[in-house]
Structure formats: structure tokens, C-alpha cells
Amino acid sequence: MTFVSEIWSFMKVRKKFWLLPILIVLGVFGGLIVISQGSAVAPFIYTLF
Amino acid sequence: MTYILGISALYHDSAAALLRDGEIVAAAQEERFSRRKHDPGFPELAIEYVLQESGISLAEVDNVVFYDKPFLKFERLIETYIAVAPKGFNSFRMAMPVWLREKLFLKDLLAKQLRKMDPDFTVDKLLFAEHHVSHAASAFYPSPFEEAIVLTVDGVGEWATTTVGVGRGNELTMLKELHFPHSLGLLYSAFTYYTGFKVNSGEYKVMGLAPYGDPKYKDLILEHLVDLKEDGSFRLNQKYFNYTSGLTMTSKALEDLFGHPVRKPETDQLTQFHMDIAASVQAVTEEIMLRITRDLAREHGIRNLCMAGGVALNCVANGKILRDGAFDNLWVQPAAGDAGGALGAAYAAWHQELKKPRKVEQGDQMRGAYLGPKYEDGDIARELTEVGAKFTTYENGEMIGETAQALADGKAVGWFQGRMEFGPRALGARSILGDPRSESMQKTLNLKVKYRESFRPFAPSVLREDVAEWFELDGDSPYMLIVADVQDRIRRQMTDEENALFGIEKLNVKRSEIPAVTHVDYSARIQTVHEQTNPQYHALISRFKELTGCSLVVNTSFNVRGEPIVCTPTDAFRCFMGTDIEVLAIGNCLLRKEDQDPSLKENYETKYELD
């Protein structure tokens, strides 16, 4: 719950409410990816970090 | 007393730093303890060390500050993926699990880890500083200046890749920034990748390779890849790069432009082409940095410049900025990379969040960057005995004399004294030393001691008071972050035949009276040694000078390729036994290779993953 309120505050401060639907969709897709994968190994490319 | 713990973690070069009432107590990188180079993990061991150094527990720490803001970084990732969609799906697929499981919930993750050390730890002690604010704070607050321009340049933080701020007293105001994907650090990393070196660690090799080549592609880079403006701001043409959407740094268009494929690491030969590319990207980097610094000096009229961020480790560019004269004084944070972000985050909390005043002292607040663990003589002897080492114990003066004599005899000497350095450079606390007058020293150290590429140069440590005798520099460079040429009087004139040599063939030509530390373009990456910050090392070089007339030594980090710099006496003994280091001076114990049990030798050449 804290996380949700923090990300809400973040969007308010950054004025990026348009990110919300995208975040929800990404959350669902991302969640599926997480569920379908065994480990969360960091990729090696610099900018992803 | 107020304690602030700064942490950098989860990207690369994790580290911890502790401030007590605004003064640095200790700082160290996790890799030194975990023995994993550029360790990105939570810096548990480094935190344990800094707390132990100050004799407190985590419960007594008032604030813990993380060195960047994960939500902002996530925002950049998402917006970038949207901008390039549907390209970038593979990258997205790989990044999301880490973010959705870990990095997005960083606060919880940090709290969970910190509760292992203090079960009562509460999240309200946690603070977050922006990545470039952390860099800027690490550059300004410990500097010797009351007022300075603060320039940070790296790959990328959250959005920013280059920032400019002004520091006055305890205030640090960020003025402007360049945003991802337009990044000088990433441009350099892209060419590091293109020339077959590892991103995030091979940039130093590109810089070392550059003097073997001609910058013949500089104009091509500026014409096609970089839209550079008069004030040093720029945009990168993303057609030639792939880091926003793919899993490589460069795209096919870049290979087509230069007419060569990406060099395969370790298998493809380094050719003149790669050296010319290295020289070209180095020249472009210098051009950008000089335009930025000249413009800043003109705009603000402030005479002091502080720098941090990975690009600030480009000591060749630093030397040019200093000689350019736009600023009178330059101070670069010795841990300019992400490890130093831990220190900067802690400073930012102290001065900006808690609004505490700042003391400006002569010199700087970094104590020579000797901020890591120290071992007492008794502990060293006990540890060495446990690992089966044979050693002789000397009084301090005798130890200095014996070690200086070994150096004068041309031996490779391991030097382990006092507190370990914070930052990527060995500065005479965990160093391998040699005689700079020896013609074979560079080759021996590269191939038999460090097991690394033969083209890589070595740096001199020179007595501060003698620096101008040997180099075209008459100022301080205590952190090995300034490159300058060797003095004319000690240079050796090249014959026509030698002048006609190309590329790596230049390596074997003696260029000066101190060939082991003179690069092919007569430059040297100088460390000035100061009696106040490292009296032991100063005494050693002074003794070497008495014996030889030469007031400098070769200084390279105490490790082999791919290994983190040694931290403990045991690490040092193992590295000593795994390489051709002939003498090891560790505390007041002196070890000679011929006295050791040969069965304790191990193969260090293949022990660590190549960097």
C-alpha cells in the first residue's frame, strides 16, 4: 500500500498522470513476464540498470 | 553526534560511506570485501566495515541515504521504451523482472537488508538523493573551495547525463542538465564496446590505447554521431546507437559508417584501426569537455571547478582542462564513479537536508582517499603466519630501506600499508611498485604480474616537491587524475626509424629516462605524493631517491586483471604468490618470494574473469 501511495505522490510531483494507464498495462505484462521466468538476473546493458 | 551512512548499490560499484558530524570516518567499495569486481550487490560488508571503523552500530546512525532515485529512473525506462516501441521489447523483457521484483521496491529492499543489522531500523531514516546530486555533492563538499562550478558527467543517472551546478558554502544549486540518451559517458562506452572492451570497465583501456592512434575519425564522429554546439551541449544521433532499445551499445549503422564490425573481445587482434578509433573518441571527448568548461568559466566568472561522474576519471581530458586555463583550479573527486555516489549522498543529506554549515580547509576533506580498512602489525603477522607465509619483521626505518633497495634492484614490490584507498586508483596503500628507470618494467608488470594487455601504461608516484623536475606540472595531483607530459630534458629524441613506427610497435621504444611511466605520446598519469597524507609512502620514495637520484616510482594497483584491489593481508599474500611480485612489504613484515613455500603458489592468470 505504501508503494502505491508513493508512486501516486511521485506522479503528482512529476505531473505524469498519463503514465498511470501505461504503468497498469506494463504492470500486468511485466507481472506475466515475472511469473513466466525463473530468476530476475540483471541484464548487462548499462542503461537498463 | 550525528552519523550519516551513504550507500550506492544495485547498479555497479556498490559502496558505503559514513560521515560523523559532517566529517568522513570511512568509505569503502563492496568489491574489496566480496572479491567480486564492480560488485553491484547490497554493500553489506562495506557497511559493516564503516560502522566498525567508527565503533558504532547501525542503530546509532541517524540517516541512511541512497545515491539515486529509483522511481525517476523507472520513469526514464518506461518513457524510453514507449518512445522506441515496438523496438526494445527484448530489452524490456529482460529489464522488467529485475525492476518489478526488486528495484521498484528499493525502499523495502533496503529496509529489509538494514534490519538484518538493526532489527529496529525504520524506513523514516531512509533518504534518497538524485544520482547527479550525489556526484555533485561528492565533488564539491569535500573540495578545498568555498565557491566552485560543479560539473558532473557520466553515462546516465535517472535522466541526467551531464549536470552543472554552483557550490557556495554549504549550498549546492543545480543549474542545468543534459538528458538521456544524449550522454558523453555512453558515447565513450559505445566506442569501448565497439573496440571490443567491456562497458563500465574497459573505458580506461580505450583512453590508454588512444595515444597509439591518430584521431582521423574525429571529424566523422562530429559530423554524423554528435551534433555539438558551441557551449559543449550536444545531441547524439541515435541511428548509430542501440542502447535505448537493444542489448548492444552500437547499431549496424555505426559499423557501416566506419567500415569495420564490432571487435570480438579477446579473440580479434587490436589493429591500427582500433587505435585510431580510440584516439578519435578521446579527441571528441576532450573537445566536448573543453567547450563545456570554457563556456562555464565565461558564463559564471568563477575560477574553481569541481568534477565527478565516470567521465571525470578521464585524466587525459582533466589534464587538458587544467592546462587550458579557463579555470585556475580543478578538483576531481577521487571516487568519481558510482562508488563515490555513496559519499556524495551522505554529504547531500548533511548539508542540504540537515542544512549544516560547511568547513573549508586547506587541501581537501578526503584524507588522501585513505578511507578504508587498516591492519595493525600484530594482526598482519598473525594472519600471514596462518596462511603459511615466511616473513621478516623490521623496524619502520629498516623496512623502508629494505623496500627501497629492492626497488632499486629492479624488483617488483607489493606495497600494503595503512588504510586502503577509496575509489578505483591505488595510491600507495595497496600498490605494486617498480623502478621507473627500467626499460623492461612496463612489459614485466603487464605480462607477468598483472596479466593484462601489453599496451597499457603505468603511472608514476612522484614526491610532490619534485613533480616539476620530472613533469610539465607544478601543482597537486594526489589522486592520479591529471595527465601531463614528462619534461623535455628527460625525453629521449627519436630516430627517424623510431618515428616511423606505427601503433603498438611504438611500445618498445625508450622515450625518456623514466620509460616505464612514459606513454608513447610522452604523457604520464601523475600521482603527487604528500608527506601529510601518506608519510610512509613519501618516506619510501625519498629513500629510493637517496639510492638512485630518482624521486618517483611506478605505481599500479595491487591486483591482477579482473581482480578487485587487495583488501586484507591474506588477499595480498595470495596475489603475491600467484604472480611474479618478488618482494611484499606489508605493515612491518617483509616477504621475499624465494623464501616462500612453492606449494602455496596458485595460478592467478586465469583465476578472475577478464575485465
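## Exercises on a predicted two-chain model

At 0% relative accessibility, Ala369(B) counts as buried. The structure is a predicted model, and the exercises below are to be worked on it.

**Exercise 1. Locate Ala369(B) and state the sign of its phi.**

Step 1. Ala369(B) is found in the loop between helix 13 (338–353) and helix 14 (377–386) of chain B.

Step 2. Its phi is near 70°, a positive value in a residue other than glycine.

Step 3. For context, most residues other than glycine have a negative phi.

Step 4. Burial is decided by a cut-off: buried means under 20% relative accessible area. Ala369(B), at 0%, therefore counts as buried.

**Exercise 2. Describe how strand 2 of chain B pairs with strand 1 of chain B and with strand 3 of chain B.**

Step 1. Take strand 1 (residues 3–8) of chain B. Strand 1 and strand 2 of chain B run antiparallel and are joined by 6 bridges. Within this pairing, Ile4(B) has Leu19(B) of strand 2 as its bridge partner.

Step 2. Look at the connection. The two strands form a hairpin with 6 residues between them, and Leu10(B) in the turn has a positive phi of about 75°. Asp13(B) lies in the loop between strand 1 and strand 2 of chain B and also has a positive phi, of about 55°, although it is not a glycine. Asp13(B) is buried, with a relative accessible area of 15%.

Step 3. Turn to strand 3 (residues 23–29) of chain B. It is antiparallel to strand 2 of chain B, with 6 bridges joining the two. Ala16(B) has Ala28(B) of strand 3 as its bridge partner.

Step 4. The hairpin of strand 2 and strand 3 of chain B has 2 residues between the strands, and Asp21(B) takes a positive phi near 50° there.

**Exercise 3. Why is strand 2 of chain B said to be largely enclosed by the rest of the structure?**

Step 1. Strand 2 of chain B covers residues 15–20.

Step 2. Of its 6 residues, 5 are buried, so the strand is largely enclosed by the rest of the structure.

**Exercise 4. Find the cis peptide bonds that precede Pro86(B) and Pro181(B), and place each proline.**

Step 1. The bond from Ala85(B) to Pro86(B) is cis, with omega near 5°. Pro86(B) sits in the loop between helix 3 (70–84) and helix 4 (89–101) of chain B.

Step 2. The bond from Phe180(B) to Pro181(B) is cis, with omega near 10°. Pro181(B) is in the loop between strand 8 (171–179) and helix 7 (184–194) of chain B.

Step 3. As background, most peptide bonds are trans.

**Exercise 5. Examine the salt bridge of Arg14(A) and Glu75(B): which elements hold the two residues, and is each buried or partly exposed?**

Step 1. The side chains of Arg14(A) and Glu75(B) form a salt bridge at 2.8 Å, N to O.

Step 2. Arg14(A) lies in helix 1 (residues 2–14) of chain A and Glu75(B) in helix 3 of chain B, so the pair joins two chains.

Step 3. Arg14(A) is partly exposed at 33% relative accessibility, whereas Glu75(B) is buried at 2%.

**Exercise 6. Analyse the salt bridges of Arg294(B) and Arg437(B) in chain B.**

Step 1. Arg294(B) forms a salt bridge with Asp324(B), with the closest N and O atoms 2.9 Å apart. This pair links distant parts of the chain: Arg294(B) is in helix 11 and Asp324(B) in helix 12 (residues 315–324) of chain B, 30 residues apart.

Step 2. Arg294(B) is partly exposed at 37% relative accessibility, and Asp324(B) is partly exposed at 29%.

Step 3. The side chains of Arg437(B) and Asp435(B) meet in a salt bridge at 2.6 Å, N to O. Arg437(B) is partly exposed, with a relative accessible area of 33%, while Asp435(B) is buried, at 5%.

Step 4. For the whole structure, a search over all chains finds 40 salt bridges.

**Exercise 7. Which element gives the most residues to the nonpolar patch on chain A?**

Step 1. The patch on the surface is formed by Trp8(A), Phe17(A), Leu20(A), Ile24(A), Val25(A), Val28(A), Phe29(A) and Leu32(A), with about 760 Å² of accessible area together.

Step 2. Helix 2 (residues 19–36) of chain A gives the most, with 6 residues.

Step 3. Val25(A) lies in this helix and is partly exposed, with a relative accessible area of 45%.

Notes
Residues are numbered from 1 along each chain as its sequence is written. Chains are lettered from A and ligands numbered from 1 in the order in which they are written. This is a predicted model: local features need pLDDT of at least 70, side-chain atom pairs count only at pLDDT 80 or more; totals for chains, interfaces and linings use all residues. Side-chain values use heavy atoms; hydrogens and water are left out. Buried means under 20% relative accessible area, exposed over 50%, partly exposed in between (1.4 Å probe, protein chains only). Helices (H or I, at least four residues) and strands (E, at least two) are DSSP runs, numbered from the N terminus. Two strands pair if DSSP finds at least two bridges between them. Patches are made of residues with over 30% relative accessible area and no salt bridge: like charges are joined within 9 Å, nonpolar side chains (Val, Leu, Ile, Met, Phe, Trp, Tyr) within 5 Å. Accessible areas come from the Shrake-Rupley method with a 1.4 Å probe; for residues, only the protein chains shown count as cover. A salt bridge is a side-chain nitrogen of Lys or Arg within 4 Å of a carboxyl oxygen of Asp or Glu.
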